[in-house]
Amino acid sequence: MYKIVQRTEFWLTRSNITKKQKIQVIGASDSVMSDSRQKEPEQGHDRLVHIGELTSRITHDMRNPLTVIINYSTMIQKNSKNKLDKKSLEQLALIENEARKMYRQIEDVLNYVKLPPLKLQNHSLHDILKKVIENIQTADDVEIQIPKTNPQIICDIDKLEIVFVNLITNAVEAISGEGSITINAKTTPDDVIIEIEDSGPGIAEEDLAKVFEPLFTTKQSGTGLGLSSCKNIIERHRGTISVKNNPTTFTIKLPRRESTV
Ligand SMILES: Nc1ncnc2c1ncn2[C@@H]1O[C@H](COP(=O)(O)OP(=O)(O)OP(=O)(O)O)[C@@H](O)[C@H]1O
Ligand SMILES: [Mg+2]
C-alpha cells in the first residue's frame, strides 16, 4: 500500500524540457525511500522514471471508471429532471463537476509524464472549439465568443483540445461569476495565431513569468500542471504560447506547415 512518508525533491531532466525542473514526489513507500537514499544518483533517476510509469499507469486506468461516473451522472440528470427533487439534482451535478475536474487533472498528469507521437491532421478551429466548449462546464453567466475567422490548423486534435480545455477552464475559474471569454484568430503567411482573452482580474505581475512552470498554482485544489501541459503540447507542434495582462490574454502561435518536435 502507498502512503505519504516523506516529501522528497528530485532533479529531473526531460528531453522536451530545456531547463532542469524541480519535481516533488509524494506517496512513495518506506522501502522506496530508504532504497533511493542509499543508491547512486543514476539509480535514483531510474526510480523516478519508474514512479513516472506507475503514475501514468494508475492515472490511465482511472479514466475509464471516471468516464462511467461522468456519463451516468449526466444521463440521470437529463432523464430524471421531473422525477428527482432539486437537492438530488444539485448533488448529481456536483458529482459530475467533480468527476470532470478529476478527469482533466488526470489528462494533465498523463500528458506531462507520457509523450506518444503526435497524430497530425488538418482541422478547422471552429470544429475544435465547438467540441471543447460543449464539454466544458461553464456557468450560464460566462459568455464565450468564438472567432469570426475559421483557419485550418495542422495539429493533433486530442492534444489541442487539452490546450483549449485548460485555457478556457482557467479563464472561467478566474472570472468566477459574470464575464466573457473572447477567442480571436488570424493567419500570417507562416502561422495561425489564436488569442484567448478573458474579463477576469488578471495575473499578479510577479506570477506572470511563473504560470507555465509545472506545479505552479495559486488555487487551493489546483495541480499547477494545466499550463505546463499546454506549453509542452504547443512546443511539440513547434509553436509558442505566451501570456499578458490587461486584459488577460493567452496567445498561441502554430506553424501552418506540418512539423513537430
Ligand atoms: N486566465 C487566467 N486568469 C488569471 N490567472 C490565471 C489564468 N490562467 C492561469 N492563471 C494562473 O496560473 C496558475 C497556473 O495555472 P495552471 O492551469 O497551470 O494550474 P491551475 O489552474 O492552478 O491548476 P490545474 O489546472 O492543474 O487545475 C493558476 O493557478 C492561476 O494563478
Ligand atoms: Mg488550470
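Which ligand 1 atom does a polar side-chain atom of D198 lie 2.9 Å from? Keep that question in mind for the views below, which all come from a predicted model.

**View 1. Polar contacts of ligand 1.** Here is the reply to the opening question: the partner of the D198 side chain is a nitrogen atom of ligand 1, at 2.9 Å. Two backbone contacts join this picture. G224 places a polar backbone atom 3.1 Å from an oxygen atom of ligand 1. L227 also takes part through its backbone, with an N or O atom 2.8 Å from an oxygen atom of the ligand. The protein buries 95% of the 590 Å² that ligand 1 exposes when taken alone.

**View 2. The shell around ligand 1.** If you would like to set up a residue selection, there are 21 residues around ligand 1. Those that come nearest are T217, T218, K219, T223 and L227. Sorted by class, the shell holds ten polar, eight nonpolar and three charged residues. Four elements each supply at least two of its residues: the helices α3 (86–113), α5 (157–175) and α6 (226–236), and the strand β9 (248–255). Which of the elements gives the most to this shell? That is α5, with three residues.

**View 3. Helix α3 against α6.** Both of these helices supply residues to the ligand shell, and here we look at how they pack. Their axes are 9 Å apart and meet at an angle of about 45 degrees, which means that α3 is oblique to α6. As for handedness, α3 passes α6 in a left-handed crossing.

**View 4. Helix α3 against α5.** Now the partner changes to α5, another contributor to the shell around ligand 1. The axes of α3 and α5 come within 11 Å and cross at roughly 130 degrees, so α3 is oblique to α5. The crossing of this pair is left-handed.

**View 5. The cis peptide bond at P247.** Zoom in on the loop between β8 (240–244) and β9, where P247 has its place. What kind of peptide bond joins N246 and P247, cis or trans? The bond is cis, with omega at about -10 degrees. For orientation, the strand β9 at one end of this loop is also among the elements that supply at least two residues of the ligand shell.

**View 6. Backbone geometry at S176.** Our last stop is the loop between α5 and β6 (179–187), where S176 lies. Although S176 is not a glycine, its phi is positive, at about 35 degrees. If you are checking backbone torsions, this loop residue and the cis bond between N246 and P247 are two places to look.

Methods: Residues numbered from 1 in each chain as written. Chains lettered and ligands numbered in written order. Predicted model: local features only at pLDDT ≥ 70, side-chain atom pairs only at ≥ 80, totals over all residues. Heavy atoms only, no water. Near = heavy atom within 4 Å. Polar contact = N/O pair within 3.5 Å; in protein donor to acceptor, adjacent residues only side chain to side chain. Areas by Shrake-Rupley, 256 points an atom, 1.4 Å probe, with all protein chains shown as cover. Nonpolar A, V, L, I, M, F, W, Y, C, P; charged D, E, K, R; others polar. Axes fitted to C-alpha atoms, helices over the stretch in contact; angles between N-to-C directions. Parallel < 35°, antiparallel > 145°, perpendicular 65-115°, else oblique. Left-handed = near helix turned anticlockwise from the far one by under 90°.
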